[in-house]
Every structure is written in C-alpha cells, then in structure tokens.
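Biologist: I have a structure on my screen and I want to learn to read it. Where do I begin?

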Amino acid sequence: MRERVEASCPASDPGRAHAAIFHESQDFSWEALRDRVEVTVRRQTEAVNTAAAPQGVGETETQAKRWESHFLGCGNGSSVLPLLRGNPLARVHATDPSPTAVADTVRRVEEAGFSDRLTAEVPPGLTRPCSPGHGPFDAVMALFTLSADSPRRAARERGAAIPGGDDAVLLSAAAGELRPGGVLLLRDCGLYDMRHLRDAARGERDATLLPTNKLAAAAGLEVVESRYLCVRLTNQRRGVHMDRVYVHAVLRRPVGHSRRLLHANSRLRIFDERLGPDCTASVHHAVPAVRWQVLDASQPTPSPFFHAAGFTATVRNVSPHERRDICFEVLGEPLHGEEENALVRMWDFRASLGMDRLAFHQHVFDNAWVVLGDGAALRGAALNVYTPVAGGGAKLEKTVHFHDGFVSWTVVRNGGFDADGEPLAPTCLHSVDSAVPSVEFREYLIELK
C-alpha cells in the first residue's frame with residue numbers, strides 16, 4: 001500500500017496550515033526513538049544479515065511556480081491533484097507501473113478539470129521512468145515510491161529482471177530527466193519507522209535505508225536538504241501511539257553536470273556524463289567502474305580510468321568545450337579469467353581504422369557497446385552485420401540502425417560456442433561495415449570477464 005502524503009497548497013487554502021505543520025513536525029526525538037528500538041532491530045536484522053545504518057536524509061515541499069514535473073509512482077493520483085490544484089502553472093507527467101493506478105489518476109484529474117495539464121503513462125521499465133519525448137523536467141517527485149512493493153511486483157509479473165541496486169538505478173534514471181538546476185524531491189519511510197520495524201521482524205529490508213547522500217552522489221546530484229521528519233500519530237479509539245519516521249531529501253542536478261543512464265542489467269550499468277566548461281564534479285562509485293573520456297575522432301584514443309568500489313571520482317573540465325565521459329559500472333564478480341584487468345577489456349572501435357566485411361572476429365565474453373558521434377550526423381546511419389560462408393565471403397545477416405548513445409548488450413554463452421564447438425554466429429562470430437559509408441561509425445566496447 002502506498003503512503004498518502006500532504007502536498008502544500010496556496011495561502012488561501014485552509015489545508016496549507018496543516019501541510020506546513022506536518023512538514024516541520026518533530027513530535028519526538030529521532031535519536032530517542034533509535035535508542036529505544038535499536039537493540040531490538042539489531043537482533044532482528046542480524047538474524048537475517050540485513051542490518052543497515054542511518055545516513056543523512058532530507059525534506060521538501062512543492063513550490064508554486066511555473067514548472068514541468070514528473071510524478072514518479074503516481075498511485076491513484078491523490079498526491080497529483082493537490083500539486084495541480086495548488087500550482088496553476090504546473091504541468092505534470094504521471095507514471096506508475098500499475099496500469100490501473102495510471103487510469104485512476106487520469107480519471108480523477110479529468111473529473112477535477114485539470115486534464116489539460118496532465119500526461120500519464122505506464123513507464124517502459126524500472127530503469128526508464130518515462131518514455132522518450134517527455135522532459136526535461138524542473139522537478140521529479142518520488143513520494144513513497146522506493147519503499148513501495150508495487151513496482152517490483154509489477155515488474156515480476158511482466159517477467160522483467162530488476163538490476164541490482166534498484167534505488168540507485170531508478171534515481172540515476174530520474175536524475176537524467178532533470179534540467180540543469182532541476183531537483184529530485186524524495187519522501188519515503190525512514191530508519192526505525194514503524195514500517196521498518198515491521199519489515200525487520202519479517203526478515204525484510206526497507207528499500208529506503210540506503211544512504212541518501214551516497215544515492216545522490218551516484219546519480220550525479222547535489223544534496224540541498226537532508227533530514228528525518230518525526231510524526232507521532234494517535235489512534236484515539238484504541239489509544240495507540242504510532243511513531244512515524246519519514247525521509248525527506250531535495251537533490252539537485254548541478255548546472256554544469258549531467259549523468260544520464262543509458263543501459264542497466266544484472267552485470268552492467270552505462271552512463272553518459274557531460275561536464276560544462278570550467279566545471280568540476282564528484283561522482284561516487286559504489287561498485288567497480290571504468291570512466292572513459294570521449295574525444296573528437298581526430299584525436300588519439302584517451303586511456304580509460306578504472307575505479308575500485310567505494311571510490312569517489314573528481315572530474316574536472318578545464319577546456320572551453322563540454323566534456324563527455326562514458327562510465328561503465330560493473331556489477332558482480334568476473335565469470336572468467338583474470339589476465340589484463342581482472343574485470344573488463346575495453347575497445348575503441350572506429351570505421352576509419354578499418355571495418356571490413358571479411359574481417360571476422362569472435363566474442364568470448366559478455367559485452368556491450370555504446371555508439372559515439374554527433375546526433376545530427378548519425379541520423380539514418382546503420383551497421384551491417386555479416387557471417388562467414390563456406391569457401392570465403394560474407395553473408396549479410398541484419399542491419400542495425402543506431403544513434404548517439406545507442407547501447408547494444410550481448411550475453412555470450414559457453415565462450416561463444418555451441419555444444420559441438422562451433423562458433424555462435426552472428427551473435428558471437430561476425431564482421432561489420434557501415435551501411436552508409438559516408439558516416440563515421442565509432443563505439444566504445446566493454447567486455448565483462
């Protein structure tokens with residue numbers, strides 16, 4: 001069940017006073033609550049090896065201004081309506097993995113007369129919060145979304161695999177939707193909230209217990225606000241007090257820095273990072289990562305930099321032009337050998353350096369490649385894929401159309417060979433050339449061991 005949350009309203013709305021009180025509530029000391037329940041929680045969580053530590057968190061409320069916003073996990077629309085009602089110049093794109101929830105939101109907004117300021121959809125996936133054509137946004141709101149069971153349950157029902165680090169992936173994808181200076185507004189259940197205590201007793205871990213500051217750093221966001229909100233609710237009829245702890249955070253996309261999620265699966269996450277002239281940014285890598293700067297094709301290939309898990313990379317751009325990096329985050333342990341780097345092999349593959357339909361190569365590791373190039377120049381470009389034929393020559397198997405930032409991911413089974421020892425073609429054994437010779441094709445390729 002999704003938590004219901006109050007949104008701020010115009011000064012003329014009598015509900016605003018209640019919202020402000022709720023927003024600032026400190027009905028009890030979070031530290032006192034921690035001291036009272038921590039021993040019990042530690043015993044429960046240690047039993048299932050799911051202990052977690054509190055970190056900085058934060059708070060926000062909706063501002064009345066002209067903006068484009070994305071409501072991530074809109075539920076039945078109960079929180080979308082106050083946003084539209086209280087901000088006449090706001091437009092909202094509402095998404096939820098439940099088609100029923102999206103339909104309910106659309107119906108309620110239409111009944112309230114705000115349908116001209118609403119778009120809604122079931123998102124393409126947990127790592128793609130909305131489809132192309134929407135955004136960029138001034139704000140992305142995730143209110144009780146990370147701790148909700150429904151997104152994960154809906155994904156399982158569709159047979160979709162959820163990559164490791166769901167929260168980090170989802171927030172990174174949401175951060176990529178923001179305009180420079182835009183904010184991600186987060187509210188969810190906090191550490192030692194009654195829901196956390198219940199889940200700990202069941203041997204479950206609340207999804208919102210990951211450190212907010214580290215989530216922000218991994219998504220390339222700055223922490224503007226970060227704290228707990230403590231609210232004591234009372235059931236008058238039963239005489240029962242309930243101590244609720246909420247996480248509030250305002251996370252802002254830096255004006256000169258962006259980090260867009262291109263692809264995510266159980267072994268790999270790929271980001272496209274941009275840094276403005278004379279800007280510096282810090283990005284925390286919770287898992288091993290390879291950062292590879294993209295230079296003009298006329299320049300020598302720069303060396304990629306490998307960062308161990310837990311490393312915070314400081315990236316500087318001292319040039320007068322935008323800097324671009326492709327960042328690969330490696331999930332899990334290597335499946336194969338450990339020569340060269342223990343985790344990966346990297347390639348800068350260019351048509352100008354030789355792409356011949358008779359130059360066949362065999363992939364033996366899981367791999368992904370990211371297309372690099374000017375968006376306008378690549379429009380209509382495509383890659384031909386060939387397999388060898390007996391006696392020499394090549395057979396065209398397919399043509400792949402691509403664009404800047406296009407990602408192709410391939411799982412390589414049994415080292416790229418079938419049960420009889422024959423190469424798997426065209427999946428693993430193939431050659432390529434450009435379907436449009438006048439267009440320079442370039443990719444960064446990563447192979448995971």
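The talk below goes through cores, strands and a polar contact.

Modeller: Keep one thing in mind from the start: this is a predicted model.

Biologist: Good. Let me start inside the protein. Which residues touch the most other members of the largest nonpolar core?

Modeller: First, the general idea. In soluble globular proteins, nonpolar side chains tend to be buried together. Now the case here. The largest nonpolar core has 24 residues. Phe-71, Val-80, Val-92, Val-109 and Leu-185 touch the most other members.

Biologist: Which elements each supply at least two residues of this core?

Modeller: Six strands and a helix appear on that list: β1 (67-72), α3 (80-86), β2 (90-95), β4 (137-143), β5 (178-189), β6 (222-235) and β7 (240-252). The most comes from α3, which gives four residues.

Biologist: What does Phe-71 touch?

Modeller: Leave out residues up to four places away in sequence. Then Phe-71 touches several residues, including Val-80, Leu-83, Val-92 and Met-141. Polar residues are there too: Ser-79, His-93 and Thr-95 are among the contacts.

Biologist: And is that core alone, or is there a second one?

Modeller: There is a second, separate core of 20 residues. Val-140, Leu-178, Leu-186 and Leu-251 are among its members.

Biologist: Now strands. How do β1 and β4 pair, parallel or antiparallel?

Modeller: They pair in the parallel sense, over three bridges. Find Phe-71 again: its bridge partner in β4 is Met-141. Next, look from β4 to β5. That pair is parallel as well, with six bridges. Here Met-141 stands opposite Leu-185 in β5.

Biologist: Is β4 mostly covered or mostly open?

Modeller: Mostly covered. Six of the seven residues in β4 are buried.

Biologist: How do I read the two sides of a strand?

Modeller: In a regular strand the side chains alternate between the two faces of the sheet. Try strand β14, residues 323-330. Arg-323, Asp-325, Cys-327 and Glu-329 point one way. Arg-324, Ile-326, Phe-328 and Val-330 point the other way. Eight of the eight residues of β14 are buried.

Biologist: Which strands are joined to β14?

Modeller: Strand β9, residues 268-275, is joined to β14 by eight bridges and runs antiparallel to it. Strand β11, residues 289-294, is joined to β14 by six bridges, also antiparallel. Two pairs help you find your place. Arg-269 stands opposite Glu-329. Arg-291 has Cys-327 as its bridge partner.

Biologist: What is the strand order in the open sheet of four strands?

Modeller: The order is β15-β22-β17-β20, with antiparallel pairing. The edge strands are β15 and β20 (407-410), and each pairs on one side only. Neighbouring strands of this sheet are turned by 15° against each other on average, direction ignored.

Biologist: How many bridges join β15 to β22?

Modeller: Seven, and the two strands run antiparallel. Strand β22 covers residues 442-448. As a landmark, Met-346 stands opposite Ile-446 in β22.

Biologist: One last residue. Where is Arg-345, and why does it count as buried?

Modeller: Arg-345 lies in strand β15, residues 344-350. Its relative accessibility is 18%. Buried means under 20%, so Arg-345 counts as buried.

Biologist: Which side chain does Arg-345 meet in a polar contact?

Modeller: The side chain of Glu-447. The contact between the two side chains is 2.8 Å.

Definitions and conventions
Residues are numbered from 1 along each chain as its sequence is written. This is a predicted model: local features need pLDDT of at least 70, side-chain atom pairs count only at pLDDT 80 or more; totals for chains, interfaces and linings use all residues. Side-chain values use heavy atoms; hydrogens and water are left out. Buried means under 20% relative accessible area, exposed over 50%, partly exposed in between (1.4 Å probe, protein chains only). A polar contact is a pair of N or O atoms within 3.5 Å; within protein, one must be able to donate a hydrogen and the other to accept it, and residues adjacent in sequence count only if both atoms are side-chain atoms. A nonpolar core is a set of buried Ala, Val, Leu, Ile, Met, Phe, Trp, Tyr and Cys residues joined through side-chain atoms within 4.5 Å. Contact means heavy atoms within 4.5 Å. Two strands pair if DSSP finds at least two bridges between them. Axes are lines fitted to C-alpha atoms, for helices over the stretch in contact, and angles run from 0 to 180 degrees between N-to-C directions.
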